[in-house]
Amino acid sequence: MPQPRKIPSSLKTDPVKVNELLVGLPDITVLGGIRHPDDAVELHIQTNAAVDGCISCGSVATLKGWRVVALVDLPTFGSPVSLHWHKRRWRCPEATCPVGSWTEVDERIAGSRLKLTDRAGRWATFEVGKNGRTVNEVAAVLGCDWHTVNDTVLAFGEALIDHPDRFGAVSALGLDEHLFVKTGQRRIQHFVTALVDVKRGQLLDLVPDRKSEEPKRWIKQRGEEWCAGVHSGTLDLSATYRSVFDEALPHVRLVADKFHVVRHMTTKLDECRRRVQNETLGHRGRKNDPLFRVRRRLSMAAERLDNEGRDKMLGILRAGDPQGDVQAAWWAKEAVRELYEVDDSSLAGRFIDELITDMADRDWPVEVRSMGRTLARWREPIIAWHDLRISNGPTESMNNLAKRIKRVGFGFRSFRNYRIRTLLYAGKPDWSLLPTLRVAG
Ligand SMILES: [Zn+2]
């Protein structure tokens with residue numbers, strides 16, 4: 001017959017001590033517990049702090065009564081737990097003392113305004129913030145509502161995000177916009193601006209809208225020393241962000257993001273294709289129209305087309321592009337791409353100047369002349385890429401992360417929610433700080 005193993009002497013066998021051990025909270029006594037038919041556990045506790053002193057006069061307080069506060073705690077053995085904390089109500093015995101009475105506080109159990117226990121709050125913050133789980137999912141595990149979890153994630157999350165050590169000096173700052181939410185019946189678009197350390201690939205912050213005021217204010221708030229440490233700035237071809245740098249960081253060398261420059265040229269080429277389509281056939285592109293059939297090949301990088309593909313494209317163009325406008329725009333787009341093959345910035349400078357002069361010729365279609373004017377306006381930031389080789393790539397990938405968070409959250413209505421959730425996920429907070437953070441409440 002197998003015998004039960006001998007119980008090690010270090011094991012707690014006193015039922016009260018075992019309860020305290022299972023509950024795992026500091027300095028508490030378990031008063032009792034119930035398991036409800038729906039499997040939820042209700043656990044009643046009190047602290048062992050049977051004495052308190054008045055914070056004003058130091059007199060030993062007298063017990064006035066009890067107040068029971070129900071808190072959502074971590075699940076135990078797969079069941080949601082509500083922790084009923086029997087809090088002592090204290091009174092100062094000194095008649096002249098202004099303090100009167102108070103309720104006991106122990107932040108190791110829970111902050112006084114949060115509905116989650118301290119440890120459940122930190123766990124929820126980690127699950128939502130680091131692991132990207134939804135608030136609904138975490139609320140279901142804890143057996144509580146969305147707001148209870150969300151309020152807690154915001155409280156701990158904001159403390160992590162706004163921790164002064166989350167980021168230090170930044171040498172290359174990137175600005176980029178992305179769509180935050182569409183609201184109302186007319187689906188009005190609301191944008192946010194992302195500020196990114198493009199060297200380290202860290203999302204620094206998000207500010208509302210894509211105007212210049214908020215990013216400028218954010219940059220000024222960093223202080224003079226921080227601003228002086230920024231040497232370069234990347235941006236899409238946006239006049240607004242250019243003015244942010246010009247006004248808030250005038251010493252910074254601007255780099256026009258390569259991806260955005262090429263994409264701009266591809267957009268102009270597409271505009272040209274649609275215009276010629278309309279002028280020659282009088283309608284928008286249909287499946288068998290030559291210019292419609294060729295649209296993908298046009299936007300591809302030329303070197304990705306083999307000889308056959310290239311011949312086919314030029315053949316179709318001869319049929320659908322009698323004036324040669326689309327072909328000219330294609331040539332211009334490819335010329336800008338070639339500009340990025342040039343090794344050094346002085347060569348790139350000569351190359352871009354030739355393009356600017358050439359594209360200004362009145363014989364070119366309007367789209368090509370427009371491309372030339374863009375090159376002229378952004379000449380320096382385009383050439384700067386050849387010296388600094390930085391791009392908004394990290395900004396773009398940050399934005400993709402932000403979009404992922406947005407999908408998980410089914411579209412955020414509140415900018416504060418969105419900022420905290422996105423920065424917890426992509427802003428590289430120091431998660432090792434989470435156990436020690438103190439939050440208001
Ligand atoms: Zn007192």
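The following exercises, each with a worked solution, concern a predicted model.

**Exercise 1. The sides of helix α13**

Task: Determine which residues of α13 are buried, and which are exposed.

Solution. Begin with the extent of the helix: α13 covers residues 345-359, 15 residues in total, and spans 20 Å from its first C-alpha to its last, close to the 21 Å expected at 1.5 Å a residue. Next, apply the criterion for burial, namely 20 or more other C-beta atoms within 10 Å of the residue's own. The buried residues of α13 are then Ala348, Ile352, Leu355 and Met359. These residues lie on the same side of α13 because they cover an arc of only 55° around the axis. Then turn to the other side of α13, where Ser346, Arg350, Glu354 and Thr357 are exposed. Finally, identify the cover: the elements over the buried residues of α13 include α12 (325-339), α14 (366-377) and α15 (379-388).

**Exercise 2. The order and pairing of a sheet**

Task: Establish the order of the 5 strands in the open sheet, and identify its edge strands.

Solution. The order is β8-β7-β6-β9-β10, with mixed pairing. The edges are β8 (202-208) and β10 (253-256), each of which pairs on one side only. On average, neighbouring strands of this sheet are turned by 30° against each other, direction ignored.

The individual pairs may now be taken in turn.

- β6 and β7 (residues 188-197) pair in the antiparallel sense through 10 bridges; Val181 has His190 in β7 as its bridge partner.
- β6 and β9 run parallel and are joined by 3 bridges; Leu173 stands opposite Gly233 in β9.
- β9 (residues 232-235) and β10 also run parallel, with 4 bridges between them; Leu235 stands opposite Ala256 in β10.

Two further features involve β6. The hairpin of β6 and β7 has 4 residues between the strands, and Gly184 in this hairpin takes a positive phi near 75°. In addition, helix α17 (residues 415-426) lies across β6 (172-183) and β8, running at about 175° to β8.

**Exercise 3. Contacts in the largest nonpolar core**

Task: Identify which residues of the largest nonpolar core touch the most other members, and list what Ala124 touches beyond four places in sequence.

Solution. The core comprises 88 residues, of which Ala124 and Ile382 touch the most other members. For Ala124, first set aside residues up to four places away in sequence. The residues that Ala124 then touches are Leu116, Val138, Leu142, Val149, Thr152 and Val153.

Key:
Residues numbered from 1 in each chain as written. Predicted model: local features only at pLDDT ≥ 70, side-chain atom pairs only at ≥ 80, totals over all residues. Helix = DSSP H or I, 4+ residues; strand = E, 2+ residues; numbered from the N terminus. Expected span 1.5 Å × (residues − 1). Buried ≥ 20, exposed ≤ 12 C-beta atoms within 10 Å, placed from the backbone. Arc of directions from axis to C-beta. Contact = placed C-beta atoms within 7 Å. Core = buried A, V, L, I, M, F, W, Y, C linked by C-beta atoms within 7 Å. Pairing = 2+ DSSP bridges. Axes fitted to C-alpha atoms, helices over the stretch in contact; angles between N-to-C directions.
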